[in-house]
Amino acid sequence: MKTIGIQVKRYANEVNIINNNDIEKRLLKILLWSFALLSVFYVIFLGNIIFNIVERRTLEADARTLGNEVMEMEAHYLAMSSKIDLAYSHAAGFSDAKATFATRQPLTALGFASKTNGNEI
């Protein structure tokens, strides 16, 4: 009986019952490569976020500068518009406009009779 047990052990050691073709090594390589790829993506996304934050702050500073310029121009406009009056416009060569309106002849003047008898409602 002892000899049969020894023979079975020897046979089991010689024969590779489960041939997994180094699946543990392959899984380890896949995990390490995926970790490296994900870390590269993380660095790219983080850099992009930082770049966008810096760009937004510069654009906000530019917007504040432009807002100040607009405010100065509005103040200058209000100062200039308060100086304009009728005497200044006449001195600049402007004159009062005489309104002429376009009129239309009624249809009865053209020979068409009005069927409403003057009541258009």
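This report describes the fold, surface and one charged pair of a predicted model.

## Overall architecture

The chain of this predicted model contains three helices and zero strands, and its elements, taken from the N terminus on, follow the order α-α-α. Helix 2 spans residues 23-81.

## Burial and exposed area

Of the 121 residues in the chain, 1% are buried, a class that requires a relative accessible area under 20%. The area that the chain exposes comes to about 12,500 Å², and carbon and sulfur atoms supply 65% of that area.

## A nonpolar patch

Leu-37, Leu-38, Val-40, Phe-41, Ile-44 and Phe-45 together make a nonpolar patch on the surface, with an area of about 610 Å². One of these residues, Ile-44, is located in helix 2, the element that covers residues 23-81.

## The salt bridge

The structure holds one salt bridge, which is formed by Arg-56 and Glu-60, with 3.6 Å between the closest N and O atoms. This separation meets the criterion for a salt bridge because the cut-off lies at 4 Å between a side-chain nitrogen of Lys or Arg and a carboxyl oxygen of Asp or Glu.

The positions of the two partners in the sequence bear on this contact: Arg-56 and Glu-60 are four residues apart in helix 2, so that about one helical turn separates them. Arg-56 has a relative accessibility of 44% and therefore counts as partly exposed, while Glu-60, with a relative accessible area of 38%, is likewise partly exposed.

Note on methods. Residues numbered from 1 in each chain as written. Predicted model: local features only at pLDDT ≥ 70, side-chain atom pairs only at ≥ 80, totals over all residues. Heavy atoms only, no water. Patch = residues over 30% accessible without salt bridge, like charges linked within 9 Å, V, L, I, M, F, W, Y side chains within 5 Å. Areas by Shrake-Rupley, 256 points an atom, 1.4 Å probe, with all protein chains shown as cover. Helix = DSSP H or I, 4+ residues; strand = E, 2+ residues; numbered from the N terminus. Buried < 20%, exposed > 50% of the residue type's maximum accessible area, 1.4 Å probe, protein only.
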